[in-house]
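Me: Please give a close reading of one helix in this model. I should also like to see the chain around that helix described, and then the partner chain, with attention to unusual backbone geometry.

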Amino acid sequence: MIAGIDIGSRSIELVCLEDGHITLTRRLPTTFDPRSQLLKLIDGLQLDAIAATGYGRTLASQVLSDSGERVVETLTEIKAYGLGVSALVPEARTVVDIGGQDTKAILLNEKGRVLKFEMNDRCAAGTGKFLEHVANVFQIAIDEFGQYALQGTEELTINSMCTVFAETEATSLMAQGHSPHNIALGLHASIVKRTVNMIQRVGMKAPLVFAGGVANNPCIVALLAKALGEQPVIPDNPDMVGAYGATLHSASQGI
Amino acid sequence: MGEASYREMWEKLDLDLSAHDALLEVLGKFYGDIYMSQQGRLQGMEYLDFVLSEVHGLRIKELQDAKAEGRKIVGTFCVFVPEELTLAAEAVHVGLCSGADAGTEQAEKLVPRNTCALIKSFIGFKLAKLCPYTESCDLIVGETTCDGKKKAYEAFAEHAPMYVMEVPQQKRDADRALFKAEVLRYKDEMEKLTGKTITAETLKKSIKTVNDRRRVLQRLSKLRSANPAPISGRDALLINQVGFYDDPIRFTGAINALCDQIEQRIAAGEGVAPANTPRLLLAGCPMAVPNWKLPYVVESAGAVIVGEESCIGERNTRDLVDESGETLDDMIDAIVDRYMRIDCACFTPNEERTDNVVSMAKAQHADGVIQYSLMFCQPYEHESIKVGKTLESEEIPALSISTDYSMEDVEQLKTRVEAFVEMLK
Ligand code: SF4
Ligand code: SF4
């Protein structure tokens, strides 16, 4: 059995492959103790090879090889998403992934190779963390926040991209009597605006695949479709794409 | 020479000793992690290791000895300051590094926050009393290559003996005439500072000295085009960095010896990395000591750097001063011609630089180019867009990075650089 692990800032995903088929997926929150979460995730499994991606890839590789696992290859999220997406949607030419703390736009060639990519630097403006933070302020579960924002009827403009200042802005809009649904919609729109910029910077080619955890948010998906003038393709379990890509990488390295 | 006498020397230079100790400790650790951990280094690098370990010790002692003999120390921040004239007036010419995040908060009292890290660093080093080179200088020469520096020198002049020379921003005849006037003004200033007259004879000799150093660095650069790469980019960068403050004649000798070793390596088909390792060219802003962040990230990502299109690299060594002049005036003209060929991003238009990036990428057999600029550096951040387009049309993969001396973006940098390297494999 071959495994791929995507260790992100928010969650860790595991995908296992046997004879070319996905036989197992698992997922745990990263927490402040990624080391034990990681070990919990592979507990009881007999793995022949592992590849790790995500911002914790180096840590994963250390922890796993310390625990006696077969050598752990690492690859970046960019490559992992490229591999995962082109296996799931062979005709895909652009990939966007809004992750916990990074957003990436990736341009692929016909063979699924990465041609170009863009990624935000330094701060987590416009990423999954941003959404999580504002959902918290609204006291709404993150999984329901998109549905909540979709009930907005007017897209308010939120100017600040910084998580902290956007919150201040949202609070003052509330004080001005705007509906919380509209404010939530505005917050979603601000993320989409930033993401679309990035997609355009890599020179988007259709079809576009939207992967990563935030692809589960219906409001982001709807706004993205509106802004780009076409519906992004969303794979089943978009949050597993990185781990799946890592698995494929591991498989291609041979055991 | 022991540690104790260095302390006495540092004390005399009025350094903040405890802050300085802390700096040396960080530097030492940094150096160990980034340099000493490399495998398969050349023996000749021991010279560099030694020079760097004595960067605040022996070399400063030499500067103090030179001062005791009545020589003057001139510090510069830019390759536009004609070192030939400094040396012809028998002064010592040192590049001031400003490659570390130090004294930033103090610097921000003199310059705005959105100023590049290099400027903040040289001001920070001065205000925090950390740099024995800055403190040893009898004169610090600035230039008008960018607005950030230009304005920063005004503030800096209140803390250090400053002289500013004007560098034009175009390359027409009138600009050449202006620059020639500035070179002559610099000559007068050097004569005034040292009390020595620059003669055709002394200038001829110093032109040769500086050219020789350029020649040996050109030799090194050529050798790096070999596959497998015979020397790491980090080591080559270090050589270029040390070239700014070491004694030029000693340095030239040591690097020539190192190049002999490299030739043997190449003949034996050996390298620092296997033959199919992705080769990258770094292009853009200068990287002063100890700004090793990006080269370290790049080479840890499984690539090897085969050239620096930078002032701490090719821009400083590409052109020689014509050595055929016999009169002082001929030689001054030759100096002006040589310096006016520098393709700093402060010039407009500046097609030469784009052409140079492309031809260097080809000459060094680079698989890709990483454009590096310091955040808030208008000239190079602008050029990275323009140069990026040309590289794209030449089908040379490129990645643009804008960063500073802090470590806060290291994780993102790693991901980007690794993804770029994966793309090339
Ligand atoms: S980049 Fe321009 S300003 Fe900076 S050192 Fe080089 S020539 Fe001087
Ligand atoms: S890095 Fe850019 S902004 Fe900073 S001093 Fe050099 S040219 Fe000026």
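Reply: What follows takes one helix of chain A, then its chain, and then chain B.

The model is predicted. The part chosen is helix H8 of chain A, which covers residues 218–228. Its buried residues are A:Cys219, A:Ile220, A:Val221, A:Leu223, A:Leu224, A:Ala225 and A:Leu228. Several other elements of chain A contribute to the cover over these residues. Among them are three helices, H4 (128–138), H5 (142–150) and H7 (180–201). Two strands of chain A, S6 (94–98) and S9 (208–211), also take part in that cover.

Both ends of the helix show a local feature. At its start, the backbone nitrogen of A:Cys219 has a side-chain oxygen of A:Asn217 within 2.9 Å. A:Cys219 is itself one of the buried residues of H8. After the helix comes A:Gly229, with a positive phi near 75°.

The helix belongs to a chain with nine helices and nine strands. The radius of gyration of chain A is 19 Å, close to the 18 Å given by the globule rule for 255 residues, so chain A is as compact as a globular protein of that length. Its C-alpha trace spans about 60 × 40 × 30 Å along the principal axes. Of the 255 residues, 53% are buried. Where contacting residues of chain A are at least 6 apart in sequence, 63% of the contacts join residues at least 24 apart. The chain exposes about 11,100 Å², of which carbon and sulfur atoms supply 50%. Chain A carries 20 positive and 27 negative charges, and the mean positions of the two sets are 7 Å apart.

Two loops of chain A deserve attention for their backbone angles. Most residues other than glycine have a negative phi. A:Asp19, however, has a positive phi of about 50°. A:Asp19 sits in the loop that links strand S2 (11–18) to strand S3 (21–29), and its relative accessibility of 76% makes it exposed. A:Thr31 likewise has a positive phi, near 55°. Its loop runs between S3 and helix H1 (34–41) of chain A, and at 44% relative accessibility A:Thr31 is partly exposed.

Chain B has 19 helices and eight strands. Its radius of gyration, 21 Å, agrees with the value near 22 Å for a compact globule of 425 residues. Buried residues account for 58% of chain B. The mean positions of its 50 positive and 69 negative charges are 1 Å apart.

Most peptide bonds are trans. In chain B, the bond from B:Asn227 to B:Pro228 is cis, with omega near 0°. B:Pro228 lies in the loop between helix H11 (200–223) and helix H12 (233–242). The bond from B:Thr348 to B:Pro349 is also cis, with omega near -10°, and B:Pro349 is placed in the loop between helix H16 (328–339) and helix H17 (351–363).

A further loop of chain B, between helix H13 (248–267) and strand S5 (279–284), holds B:Thr277. With a relative accessible area of 11%, B:Thr277 is buried, because that value is under 20%. A polar atom of its side chain lies 2.7 Å from the backbone oxygen of B:Pro274. Beyond its neighbours within four places in sequence, B:Thr277 is in contact with B:Gly302, B:Ala303, B:Val304 and B:Asp367.

Definitions and conventions: Residues numbered from 1 in each chain as written. Chains lettered and ligands numbered in written order. Predicted model: local features only at pLDDT ≥ 70, side-chain atom pairs only at ≥ 80, totals over all residues. Heavy atoms only, no water. Helix = DSSP H or I, 4+ residues; strand = E, 2+ residues; numbered from the N terminus. Rg over C-alpha atoms; globule rule 2.2 N^0.38 Å. Buried < 20%, exposed > 50% of the residue type's maximum accessible area, 1.4 Å probe, protein only. Contact = heavy atoms within 4.5 Å. Areas by Shrake-Rupley, 256 points an atom, 1.4 Å probe, with all protein chains shown as cover. Lys, Arg positive; Asp, Glu negative; His and termini not counted. Charge placed at Lys NZ, Arg CZ, Asp CG, Glu CD. Polar contact = N/O pair within 3.5 Å; in protein donor to acceptor, adjacent residues only side chain to side chain.
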